[in-house]
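I opened the model today to look up its sheets, its symmetry, its inner space and its DNA surfaces. My notes follow in that order.

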There are 2 protein chains.
Amino acid sequence: MSKKTASAGADTETRATSEHAPDLRLWLRTLACTNLIENHIRSRLRAEFGITLPRFDLMAQLERSPLGLKMGELSKRMMVTGGNVTGITDQLVAEGLVVREDSPKDRRAYIVKLTPEGRRSFRKMADAHENWIVELYAGMDEKQRNQLYDLLAVVKASASAATTKKK
Amino acid sequence: MSKKTASAGADTETRATSEHAPDLRLWLRTLACTNLIENHIRSRLRAEFGITLPRFDLMAQLERSPLGLKMGELSKRMMVTGGNVTGITDQLVAEGLVVREDSPKDRRAYIVKLTPEGRRSFRKMADAHENWIVELYAGMDEKQRNQLYDLLAVVKASASAATTKKK
DNA sequence: TTTTGATATTTTAGACATGGATATATCTAT
DNA sequence: ATAGATATATCCATGTCTAAAATATCAAAA
């Protein structure tokens with residue numbers, strides 16, 4: 001249909017609402033779910049353990065890598081900038097929950113590790129954290145959760161391809 | 001079953017890894033997808049339009065509500081705190097992209113609206129933004145996107161129920 | 001060796017973001 | 001009418017977070 005008139009503005013809008021809007025709605029819904037869960041977790045971590053979400057996340061990465069991680073590794077895995085990791089690590093070091101060790105291989109790099117106290121403290125929090133997550137997904141049956149998990153793998157692949165190509 | 005031994009730590013860990021971990025992995029994958037897309041959008045908005053994601057998001061809310069929105073409405077829809085909205089709005093007002101009008105109904109409240117320039121500026125950015133989103137989901141077919149959209153509705157309902165009950 | 005370029009981290013400046021506290025206005029039930 | 005509870009928005013302290021510049025190291029070529 002359509003008159004292919006002179007108005008570029010109208011064409012763009014038509015194209016957008018008829019073809020693109022579904023993807024946009026999908027993205028906005030994804031974002032809404034993530035924010036809902038993330039905000040809940042954030043405030044419970046603060047209320048019950050007096051810790052911030054970024055610090056918890058950094059400790060979680062270290063817990064999974066008992067050998068420790070370089071700052072750059074943390075940055076990549078947490079998908080945040082290096083400057084950010086520096087600040088969070090400084091805080092955790094001051095609290096005695098992690099340590100910076102000099103890398104034997106590379107004098108530019110540090111190896112960040114959990115301290116014994118950090119590990120002990122993290123395990124307690126992680127246990128509660130997992131329970132909260134389970135509660136949040138309790139309204140889904142197993143089949144739905146598995147389907148979602150698989151679809152998110154497709155999203156990840158699709159978005160990765162798009163970001164590496166364009167950037 | 002189970003010996004209900006003295007070690008609480010061991011019991012907790014077993015319970016966690018055998019039963020809870022799948023939900024945790026689901027959540028972490030969700031988070032990874034969101035961060036991937038969000039970081040991409042954020043840097044493109046900055047690079048191509050010199051705007052930040054929070055400001056863009058606030059303008060997007062106003063675009064959808066031509067009558068304007070109260071600060072509290074913005075806070076609810078963007079899922080951020082009121083103090084945060086105050087700051088972002090201040091910035092946008094300083095740039096002449098939005099205005100604060102006194103509410104005729106309620107002298108406690110402001111009505112925030114896009115200025116004509118704000119609307120013009122937003123439409124250009126929104127058009128590009130939608131194209132980026134389409135690119136990011138290009139690796140999924142329509143059936144997958146619809147399935148995902150529906151599953152996310154279930155997630156949202158599940159998480160909403162959990163957060164309102166516990167909080 | 002010295003230069004060159006890539007890598008690893010920190011530093012800096014500015015913008016977000018939360019939670020709590022405050023100030024003001026409105027509503028409700030007497 | 002009026003006290004008490006609620007609602008609206010702002011201010012403040014603290015803590016991320018990014019982008020860009022600065023610092024230091026490494027690795028390899030000229």
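Before reading the sheets I noted the rule: two strands pair if DSSP finds at least two bridges between them. Strands (E, at least two residues) and helices (H or I, at least four) are DSSP runs, numbered from the N terminus.

I also noted the ground rules. This is a predicted model, in which local features need pLDDT of at least 70 and side-chain atom pairs count only at pLDDT 80 or more, while totals for chains, interfaces and linings use all residues. Residues are numbered from 1 along each chain as its sequence is written, chains are lettered from A and ligands numbered from 1 in the order in which they are written, and side-chain values use heavy atoms, with hydrogens and water left out.

**Entry 1: sheets**

I looked up chain A and found an open sheet of three strands in the order 1-3-2, with antiparallel pairing. Strand 1 (69-70) and strand 2 (98-102) of chain A each have a single partner strand and stand at the edges, so one side of each has no neighbour in the sheet. I counted five bridges between strand 2 and strand 3 (residues 110-114) of chain A, which pair in the antiparallel sense. E101(A) has I111(A), in strand 3 of chain A, as its bridge partner.

In chain B, I found strand 1 (residues 69-70) joined to strand 3 (residues 110-114) by two bridges, running antiparallel. Opposite L69(B) in strand 3 of chain B is V112(B). Strand 2 (residues 98-102) of chain B is also antiparallel to strand 3 of chain B, over five bridges. Within strand 3 of chain B, K113(B) is the residue opposite V99(B).

**Entry 2: symmetry**

I asked what rotation superposes chain A on chain B. The result is 180 degrees with 0.0 Å of shift along the axis, at an RMSD of 0.2 Å. That is the relation of a two-fold axis. The C-alpha of chain A nearest the axis belongs to L148(A), 3.3 Å from it. The fit is by least squares on the C-alpha atoms of residues with pLDDT of at least 70 in both copies.

**Entry 3: cavity**

I searched for cavities on a 1 Å grid over the protein atoms alone; a cavity is a set of points where a 1.4 Å probe fits but cannot get out, and lining residues have an atom within 4 Å of a point. Grid points are joined across faces, edges and corners, and a volume is the space filled by probe spheres set on the points.

I found one cavity of 30 Å³ or more, and the largest cavity has a volume of about 30 Å³. Its lining draws on both chains: C33(A), T34(A), I37(A), Y137(A), L148(A), T30(B), L152(B) and V155(B). Helix 1 of chain A gives the largest share of that lining, three residues. Helix 1 (8-49) of chain A and helix 6 (142-166) of chain B each supply at least two residues.

I then sorted the lining by class, with Ala, Val, Leu, Ile, Met, Phe, Trp, Tyr, Cys and Pro as nonpolar, Asp, Glu, Lys and Arg as charged, and the others, Gly among them, as polar. The lining has six nonpolar, two polar and no charged residues.

**Entry 4: DNA strand C**

I counted a residue as near a strand if one of its heavy atoms lies within 4 Å of it. DNA strand C has 26 residues around it, the closest being G72(A), R100(A), R108(A), T52(B) and T81(B). Of the atoms of DNA strand C within 4 Å of the protein, 83% are sugar and phosphate.

Next I listed polar contacts (a pair of N or O atoms within 3.5 Å). A side-chain N or O atom of R108(A) is 2.3 Å from a base oxygen of DNA strand C. R55(B) has a polar side-chain atom 3.0 Å from a phosphate oxygen of DNA strand C. For Y110(A), a backbone N or O atom lies 3.4 Å from a phosphate oxygen of this strand.

Helix 4 of chain B gives the largest share of this surface, four residues. By class I found seven nonpolar, 10 polar and nine charged residues near DNA strand C.

**Entry 5: DNA strand D**

I repeated the search for DNA strand D and found 25 residues around it, of which R55(A), T81(A), G72(B), T86(B) and R100(B) come nearest. Sugar or phosphate holds 85% of the atoms of DNA strand D within 4 Å of the protein, and bases the rest.

A side-chain N or O atom of T52(A) is 2.7 Å from a phosphate oxygen of DNA strand D. G72(B) places a backbone N or O atom 2.5 Å from a phosphate oxygen of DNA strand D. Helix 4 of chain A gives the most to this surface, with four residues. The classes near DNA strand D are seven nonpolar, 10 polar and eight charged.

Key
1 Å grid on protein atoms, 1.4 Å probe; cavity = no way out; pocket = protein on both sides within 12 Å on 5 of 7 lines; lining within 4 Å. Polar contact = N/O pair within 3.5 Å; in protein donor to acceptor, adjacent residues only side chain to side chain.
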